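The following exercises ask the student to read a protein model step by step. Each task is followed by a worked solution.

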Amino acid sequence: MEYVIREMRNEEYCLLDNFLYEAIFIPDGIEAPPKSIIDCPELQEYIIDFGKRKHDKALVAEIQENVVGAIWVRIMNDYGHIDNDTPSLAMSIYKEYRGLGIGTSLLKQLLSVERLAGYSKISLSVQKSNYAVKMYKKAGFTVVDENSKEYIMAINL
């Protein structure tokens, strides 16, 4: 399947609501929470006023002019926060487009963009049972901290 990775346009930032919800890992056998869960302050931190902060950056994957995945970073006090100079990453791909390499492509492109912009690290938080842990490790992320359910990972750029 052919897709294009490009920078998210300002008028598309509203799509981050959907992608934030899609980024919530739901283990098999667990009922998905209502979409209103993204209204809680700790999740709003990922998307509120996106594009207005100096360090905000987002890329999308597009298939036939439809955005099917997004990856974004911002310096914020989120689950994956390690310091005030390191952007935290969030990403998601719509379910029907997972497993096609789109996430890996988005991740590689964003790491390159952030390296060229002068950042030295990127961090993230991921549930230990999330299949994406393998992708992050393969890309070079390492575990820098953890709790009973999540890894905090970082990559040196």
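**Exercise 1. Determine which residues of helix α4 are buried, and how they are arranged about the helix axis.**

Step 1. Helix α4 spans residues 132–139, and its buried residues are A132, V133, M135 and Y136. Buried means under 20% relative accessible area, exposed over 50%, and partly exposed in between, with a 1.4 Å probe and protein chains only. Helices (H or I, at least four residues) and strands (E, at least two) are DSSP runs, numbered from the N terminus.

Step 2. Viewed down the axis of α4, the buried residues fall within an arc of 160°, so they line one face of the helix. The arc is that of the directions from the helix axis to the C-beta atoms. In general, an α-helix has 3.6 residues a turn, so residues three or four places apart point the same way.

Step 3. K134 and K138 lie on the other side of α4 and are exposed.

Step 4. The cover over the buried residues of α4 includes the elements β4 (88–93), α3 (102–116), β5 (121–127) and β7 (150–156). Contact, on which this cover is based, means heavy atoms within 4.5 Å.

Step 5. After α4 comes G140, which has a positive phi near 115°.

Before the next exercise, the basis of the values should be stated. This is a predicted model, in which local features need pLDDT of at least 70 and side-chain atom pairs count only at pLDDT 80 or more, while totals for chains, interfaces and linings use all residues. Residues are numbered from 1 along each chain as its sequence is written, and side-chain values use heavy atoms, with hydrogens and water left out.

**Exercise 2. Describe the protein as a whole: its elements, its compactness and its surface.**

Step 1. The protein has four helices and seven strands. Starting at the N terminus, the order of the elements is β-α-α-β-β-β-α-β-α-β-β.

Step 2. The radius of gyration is 15 Å, close to the 15 Å that the globule rule gives for 157 residues, so the protein is as compact as a globular protein of that length. This radius is taken over C-alpha atoms, and the globule rule is 2.2 Å times the number of residues to the power 0.38.

Step 3. Along the principal axes, the C-alpha atoms fill a box of roughly 40 × 40 × 30 Å.

Step 4. Of the 157 residues, 43% are buried. Among contacts between residues at least 6 apart in sequence, 59% join residues at least 24 apart.

Step 5. The protein exposes about 8,900 Å², and carbon and sulfur atoms supply 47% of this area. The areas come from the Shrake-Rupley method with a 1.4 Å probe; for residues, only the protein chains shown count as cover.

**Exercise 3. Identify the buried residues of α1, and examine P33 in the loop that comes after this helix.**

Step 1. In α1, the buried residues are L16, F19, L20, Y21 and E22. Their cover includes α2, β3 and β4.

Step 2. P33 lies in the loop between α1 (16–23) and α2 (41–44). Residues up to four places away in sequence not being counted, P33 touches Y21 and I26.

Step 3. From P33 to V144 the separation is 111 residues in sequence and 28 Å in space, C-alpha to C-alpha.

**Exercise 4. Classify Q44, D49, Q64 and E2 as buried, partly exposed or exposed.**

Step 1. Q44 belongs to helix α2. Its relative accessibility is 19%, so Q44 counts as buried. Apart from neighbours within four places in sequence, Q44 is in contact with I38 and D39.

Step 2. D49 is in the loop between α2 and β2 (57–63). Because its relative accessibility is 47%, D49 counts as partly exposed. Its phi is positive, near 55°, although D49 is a residue other than glycine.

Step 3. Q64 is in the loop between β2 and β3 (66–74). With 73% relative accessibility, Q64 counts as exposed. Q64, also a residue other than glycine, has a positive phi near 45°.

Step 4. E2 is in the segment before β1 (4–7), and its relative accessible area of 74% makes it exposed. E2 touches E62 and I63, residues up to four places away in sequence not being counted.

Step 5. Q64 and E2 are 62 residues apart in sequence and 8.4 Å apart in space, C-alpha to C-alpha. The C-alpha atoms of E2 and D85, 83 residues apart along the chain, are 35 Å from each other.
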